[in-house]
Amino acid sequence: MGHIEWNESMFIGVPEIDVQHQELTSIINKLYYAYMDGKDKELLSDFIRQVNDYAHYHFETEEGFMKEFGDEYPGLKQHLAAHSLFFDKVIGFLLDYVDDKDDITPELLDYLTDWWVKHINGIDRDLGRFINDRRIG
């Protein structure tokens, strides 16, 4: 996929989460462009750390919303598992690059961007609907 083109359709209707989605998308795009432009390892590693740190912060925010509703949120286990998978697969490989254990590949960055867009437009959209239904009701 490569570069992520943020657009109105990616908003899930929860302002705090939407702002964080935009920020993490921006950081992911910076990593993608730095890699594609052949930037040095130090800069790439900095962007990788930013993706990791902000993803932790963002996922904690989402998980806080989910846990607020406890067992009412039917997608809790699936959503938490998706977050774990993201850190195990994507972030783990990126951090291996930082630690000189592996290289970044275009395929890895494509996987990162594809995963992120599908996550927002799928499971996060469901979470947004759930949160807004509870807030209105």
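Angles between helix axes count as roughly parallel under 35 degrees, roughly antiparallel over 145, roughly perpendicular from 65 to 115, and oblique for the rest. This is a predicted model, in which local features need pLDDT of at least 70, side-chain atom pairs count only at pLDDT 80 or more, and totals for chains, interfaces and linings use all residues. Residues are numbered from 1 along each chain as its sequence is written, and side-chain values use heavy atoms, with hydrogens and water left out.

**Exercise 1. Classify the packing of α3 and α4, then describe their contact.**

Step 1. Locate the helices. α3 covers residues 76-98 and α4 covers residues 106-136. Helices are DSSP runs (H or I, at least four residues), numbered from the N terminus.

Step 2. Take the geometry. The angle is about 165 degrees, and the axes are 11 Å apart. Axes are lines fitted to C-alpha atoms over the stretch in contact, and angles run from 0 to 180 degrees between N-to-C directions.

Step 3. Apply the cut-off. α3 and α4 are therefore roughly antiparallel.

Step 4. List the contact (heavy atoms within 4.5 Å). α3 contributes residues including H83, F86 and F93, while α4 contributes residues including Y111, W115 and I123.

Step 5. Sort by class. The contact has 13 nonpolar, four polar and two charged residues. Nonpolar covers Ala, Val, Leu, Ile, Met, Phe, Trp, Tyr, Cys and Pro; charged covers Asp, Glu, Lys and Arg; the others, Gly among them, are polar.

**Exercise 2. Compare the spans of α1 and α2 with the expected values.**

Step 1. Set the rule. The expected span is 1.5 Å times one less than the number of residues.

Step 2. Test α1. Its 22 residues (15-36) reach 31 Å from first C-alpha to last, close to the expected 32 Å.

Step 3. Test α2. Its 28 residues should span 40 Å, and its end C-alpha atoms are 40 Å apart, which agrees.

Step 4. Check what follows each helix. G38, just after α1, takes a positive phi of about 70 degrees. G70, just after α2, takes a positive phi of about 55 degrees.

**Exercise 3. Decide whether D100 and L80 are buried, partly exposed or exposed.**

Step 1. Fix the cut-offs. Buried is under 20% relative accessible area, exposed is over 50%, and partly exposed is in between (1.4 Å probe, protein chains only).

Step 2. Place D100. D100 is in the loop between α3 and α4. Its phi is positive, about 60 degrees, although D100 is not a glycine. At 60% relative accessibility, D100 is exposed.

Step 3. Place L80. L80 lies in α3. Its relative accessible area is 25%, so L80 is partly exposed.

Terms used:
Helix = DSSP H or I, 4+ residues; strand = E, 2+ residues; numbered from the N terminus.
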